[in-house]
Amino acid sequence: MSLSCSTTLLTKAMRGSFATPPKKATDGVPESWFDLGFHGVADFWSPWCAAIVDGEVASLACAARLTDSGAELGLVTAKAFRGRGFGAAATAGWSRLPTLRSRTLFYSTDRDNASSKRVASRLGLRHHGASLRIT
């Protein structure tokens with residue numbers, strides 16, 4: 001996947017060597033993410049990969065569920081950056097993390113989440129099944 005020249009993928013392992021790291025933990029994390037529980041990099045669920053655009057977190061792919069044999073992706077894209085491929089870039093970067101190589105990876109979404117379905121389509125992911133929630 002090609003990224004614009006101002007976009008960088010950042011992972012937890014790379015954070016210490018990032019060319020322009022955030023000045024403090026909340027720098028670069030959109031305020032709209034605070035309600036989701038993401039106040040800084042320490043709140044990202046490992047392993048994670050973020051698409052950084054001009055020093056701001058555009059999209060975050062992280063492990064919503066993680067076991068020794070599998071990992072389910074959690075993906076958040078800031079509203080200002082949606083529809084431009086940053087979610088797909090972060091997802092692709094997350095799927096290539098060394099800590100996930102031995103695990104089966106899952107991308108799940110709600111059937112009504114059109115944006116998430118576009119990310120899956122952009123990456124060529126195949127539909128494997130559906131789940132049913134009873135509340």
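What follows is a chat about the fold, cores and helix packing of a predicted model.

Me: Hi! Before we start, what kind of model is this, predicted or experimental?
Reply: Hello! The model is predicted.

Me: Thanks. How many helices and strands does the protein have?
Reply: There are 2 helices and 5 strands. Along the sequence they come in the pattern β-β-β-β-α-β-α.

Me: And how much of the protein counts as buried?
Reply: Of its 135 residues, 37% count as buried. The exposed surface comes to about 8800 Å², with carbon and sulfur atoms supplying 52% of it.

Me: What share of the contacts comes from residues far apart in sequence, say 24 or more positions?
Reply: Taking contacts with a separation of 6 or more, 55% are between residues 24 or more positions apart.

Me: Let's go inside. Which residues have the most contacts within the largest nonpolar core?
Reply: Those are Val53, Ala58, Ala61, Phe81, Phe86, Trp94 and Leu100, in a core of 15 residues. The elements giving two or more residues to this core are β2 (48–53), β3 (56–66), β4 and α1.

Me: Is there another core, or what else is there?
Reply: A second, separate core has 10 residues, and Phe38, Val57, Leu60 and Cys62 are among them.

Me: Back to Phe81. What does Phe81 touch, apart from its close sequence neighbours?
Reply: Once neighbours within four places are set aside, Phe81 is in contact with Val53, Glu56, Val57, Ala58 and Phe86.

Me: How many aromatic pairs does the structure hold?
Reply: Just 1 aromatic pair. Phe81 and Phe86 form it, with ring centres 5.9 Å apart and planes at 80°, so the pair is edge-to-face.

Me: Are those two rings' residues buried or exposed?
Reply: Phe81 is buried, at a relative accessible area of 9%, and Phe86 is buried too, at 8%.

Me: Changing topic: how many disulfides are there?
Reply: The structure holds 0 disulfides.

Me: And where do Cys49 and Cys62 sit, buried or exposed?
Reply: Cys49 is buried, with 1% relative accessible area. Cys62 is also buried, with a value of 1%.

Me: Glu72 caught my eye. Where is Glu72 placed?
Reply: Glu72 lies in strand β4.

Me: Why does Glu72 count as buried?
Reply: Because its relative accessibility is 17%, and the cut-off for buried is under 20%.

Me: What surrounds Glu72, then?
Reply: Beyond its neighbours within four places in sequence, the contacts of Glu72 are Cys62, Ala63, Ala64, Arg65, Trp94, Phe106 and Ser108.

Me: Now α2. Which residues of helix α2 are buried?
Reply: In α2, which covers residues 114–122, Ser116, Val119 and Ala120 are buried. They span an arc of only 95° around the axis, which puts them on the same side of α2.

Me: What about the other side of α2?
Reply: There, Arg118 and Ser121 are exposed.

Me: And what covers the buried residues of α2?
Reply: The cover includes β4 (70–77) and α1 (86–95).

Me: Last one: what follows α2?
Reply: Gly124 follows α2, and the phi of Gly124 is positive, near 75°.

Notes: Residues numbered from 1 in each chain as written. Predicted model: local features only at pLDDT ≥ 70, side-chain atom pairs only at ≥ 80, totals over all residues. Heavy atoms only, no water. Disulfide = S-S within 2.5 Å. Buried < 20%, exposed > 50% of the residue type's maximum accessible area, 1.4 Å probe, protein only. Helix = DSSP H or I, 4+ residues; strand = E, 2+ residues; numbered from the N terminus. Arc of directions from axis to C-beta. Contact = heavy atoms within 4.5 Å. Phe/Tyr/Trp six-rings, centres within 6.5 Å; stacked < 30°, edge-to-face > 60°. Core = buried A, V, L, I, M, F, W, Y, C linked by side-chain atoms within 4.5 Å. Areas by Shrake-Rupley, 256 points an atom, 1.4 Å probe, with all protein chains shown as cover.
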